[in-house]
Amino acid sequence: PRPVLLIHGTRDRIVPLSDAYLLYEAAGDEKELWAVAGADHVEARITAFDSYLDKIDGFFKQHLAVAGEAAQL
């Protein structure tokens, strides 16, 4: 088990958004799906740059902090 962050553009013309929902449903606990409005394939960081950085930063801070605490036990 591990945390999973899925980032997918709502206007992706290569991989349908429905595939992101399938991956999300198949993932275990500690999962998050962020569908970036208006983003095409691999364009989330361009379409929503500041939000993209905040999302990734927050995800790693949350889950690496938890892993670090568990390692200290």
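Good morning. I begin with F60, which at 47% relative accessibility counts as partly exposed. The model under discussion is a predicted one, and every value I quote is computed from it.

F60 has a partner. The search for aromatic pairs returns a count of 1. That pair is F59 with F60: the ring centres are 6.1 Å apart and the planes meet at 75°, so the arrangement is edge-to-face. The angle decides the label, because planes over 60 degrees apart count as edge-to-face. Unlike F60, which is partly exposed, F59 is buried, at a relative accessible area of 10%.

Let me now step back to the chain as a whole. The protein chain contains 3 helices and 2 strands, and their order along the sequence is β-α-β-α-α. Of its 73 residues, 19% are buried. The exposed surface comes to about 5400 Å², with carbon and sulfur atoms supplying 56% of that area. As for contacts with a separation of 6 or more, 60% of them involve residues 24 or more positions apart.

Which residues form the largest nonpolar core? There are 5 of them: W34, V36, A39, A44 and A48. A44 deserves a further word. Neighbours within four places in sequence aside, A44 is in contact with I7, V36, A39, F49 and Y52. Two of these partners, V36 and A39, also belong to the core.

The next region is centred on Y24, a residue of helix 1. Y24 is partly exposed, since its relative accessible area is 24% and buried would require a value under 20%. Beyond four places in sequence, Y24 touches L6, K31, E32 and L33. Two of those partners can be described in more detail. L6 is 18 residues away from Y24 along the chain, yet the C-alpha atoms of the two are separated by 7.4 Å. K31, for its part, lies over the face of Y24, at 4.5 Å from the ring centre.

I turn next to the backbone. As a general matter, most residues other than glycine have a negative phi. Two residues here depart from that sign. One is E30, not a glycine, with a positive phi of about 60°. E30 sits in the loop between helix 1, residues 17-26, and strand 2, residues 31-36. With a relative accessible area of 46%, E30 is partly exposed.

The other is V42, also not a glycine, whose phi is positive and near 50°. V42 belongs to the loop between strand 2 and helix 2, the latter spanning residues 44-47. Is V42 buried or exposed? At 65% relative accessibility, V42 counts as exposed.

The loop between strand 2 and helix 2 also holds D40. Here the accessibility is 12%, so D40 counts as buried. What does D40 touch, once residues up to four places away in sequence are set aside? The partners are G9, R11, D12 and R13. With R13 there is also a polar contact: the side chains of D40 and R13 are joined at 2.4 Å.

To close, I would draw attention again to that loop between strand 2 and helix 2, where V42 is exposed and D40 is buried. The D40 and R13 side chains, at 2.4 Å, and the edge-to-face pair of F59 and F60 are the two contacts I would suggest viewing on screen. Thank you.

Notes:
Residues numbered from 1 in each chain as written. Predicted model: local features only at pLDDT ≥ 70, side-chain atom pairs only at ≥ 80, totals over all residues. Heavy atoms only, no water. Helix = DSSP H or I, 4+ residues; strand = E, 2+ residues; numbered from the N terminus. Buried < 20%, exposed > 50% of the residue type's maximum accessible area, 1.4 Å probe, protein only. Polar contact = N/O pair within 3.5 Å; in protein donor to acceptor, adjacent residues only side chain to side chain. Contact = heavy atoms within 4.5 Å. Areas by Shrake-Rupley, 256 points an atom, 1.4 Å probe, with all protein chains shown as cover. Core = buried A, V, L, I, M, F, W, Y, C linked by side-chain atoms within 4.5 Å. Phe/Tyr/Trp six-rings, centres within 6.5 Å; stacked < 30°, edge-to-face > 60°. Lys NZ or Arg CZ within 6 Å of the ring centre and 35° of its normal.
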